[in-house]
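Open the structure in your viewer and keep the selection tool at hand. Each stop below says what to select and what to look for there.

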Amino acid sequence: SRGDDSCCADGHTGLLCSVCATGLTKAGYKCVRCNRGELISASVLFGLFLLLLWYFMAWRPAVEAASASKTRLSMTSTLKAILKAAYSVFKTIRNVMKSLTR
């Protein structure tokens with residue numbers, strides 16, 4: 001009958017057993033308990049990875065180019081670059097967190 005979840009596997013509910021019960025999240029076709037501690041740790045590590053990637057792909061070449069041309073990067077442009085990168089990292093972490101908690 002409609003609304004009868006007795007035929008659903010543990011943790012599944014709803015029409016065609018396609019919804020996870022409260023406190024569970026989808027992992028492929030299964031509903032599993034969400035471990036927020038691991039999620040936060042993974043997000044922090046991902047953020048650090050992005051920061052290192054930014055350093056080696058954007059910041060370091062800019063500093064090397066400036067020193068090769070004997071010009072100095074201003075404190076304002078340095079601070080703007082750091083804030084822009086930090087904003088990008090936090091935005092990425094927020095988006096990852098949103099997609100994992102849906």
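The tour goes through the cysteines, then some neighbouring strands and loops, then the helices.

**Before starting.** The model is predicted. The values quoted along the way are computed from it.

**Stop 1: the disulfides.** A disulfide is a covalent bond between the sulfur atoms of two cysteines. How many disulfides does a search of the whole structure find? The search finds two. With the bonded cysteines counted along the chain, the pairing follows the pattern 1-2, 3-4.

**Stop 2: Cys8 and Cys17.** Select both residues and show their side chains. Their sulfur atoms lie 2.0 Å apart, and the two residues form a disulfide. Turn the view to look along the S-S bond: the angle about it is -85°, and the link of Cys8 and Cys17 is left-handed. Are the two ends buried, exposed or partly exposed? Cys8 is buried, because its relative accessible area is 12%, under the 20% cut-off for buried residues. Cys17 has a relative accessible area of 23%, so this residue is partly exposed.

**Stop 3: Cys20 and Cys31.** Now select the other pair. Cys20 and Cys31 form a disulfide with sulfur atoms 2.1 Å apart. This link is also left-handed, with -90° about the S-S bond. The pair links distant parts of the chain: Cys20 belongs to strand S2 (residues 19-20) and Cys31 to strand S4 (residues 30-33), 11 residues apart. Cys20 counts as buried because its relative accessibility is 16%. Cys31 is buried too, with a relative accessible area of 13%.

**Stop 4: Cys7.** Select Cys7 and look for the closest cysteine sulfur. Why is there no bond between Cys7 and Cys17? The sulfur of Cys17 is the closest one to that of Cys7, but the two are 7.1 Å apart, which is too far for a bond; a disulfide needs sulfur atoms within 2.5 Å. Cys7 is exposed, with a relative accessible area of 73%.

**Stop 5: His12.** Select His12, which is in strand S1 (residues 12-13). At 14% relative accessibility, His12 counts as buried. Which residues does His12 touch, leaving out those up to four places away in sequence? The contacts are Cys17, Val19, Lys26, Tyr29, Lys30 and Cys31. Two of these names come from the earlier stops: Cys17 is bonded to Cys8, and Cys31 is bonded to Cys20.

**Stop 6: Thr22.** Move to the loop between S2 and strand S3 (24-27), where Thr22 is placed. Thr22 counts as exposed, because its relative accessibility is 83%. Add Arg33 to the selection: the C-alpha atoms of Thr22 and Arg33 are 9.3 Å apart in space, and the residues are 11 apart in sequence.

**Stop 7: a nonpolar patch.** Select Phe46, Phe49, Leu52, Leu53, Tyr55, Phe56 and Met57, and show the surface. Together these residues make a nonpolar surface patch of about 720 Å². Leu53, one of them, lies in helix H1 (residues 36-68). Leu53 counts as partly exposed because its relative accessibility is 39%.

**Stop 8: Phe90.** Finish in helix H2 (residues 75-100), where Phe90 is found. With a relative accessible area of 59%, Phe90 is exposed. Select Leu50 as well: 40 residues separate Phe90 and Leu50 along the chain, and their C-alpha atoms are 9.9 Å apart.

Definitions and conventions:
Residues are numbered from 1 along each chain as its sequence is written. This is a predicted model: local features need pLDDT of at least 70, side-chain atom pairs count only at pLDDT 80 or more; totals for chains, interfaces and linings use all residues. Side-chain values use heavy atoms; hydrogens and water are left out. Patches are made of residues with over 30% relative accessible area and no salt bridge: like charges are joined within 9 Å, nonpolar side chains (Val, Leu, Ile, Met, Phe, Trp, Tyr) within 5 Å. Accessible areas come from the Shrake-Rupley method with a 1.4 Å probe; for residues, only the protein chains shown count as cover. A salt bridge is a side-chain nitrogen of Lys or Arg within 4 Å of a carboxyl oxygen of Asp or Glu. Helices (H or I, at least four residues) and strands (E, at least two) are DSSP runs, numbered from the N terminus. Buried means under 20% relative accessible area, exposed over 50%, partly exposed in between (1.4 Å probe, protein chains only). Contact means heavy atoms within 4.5 Å.
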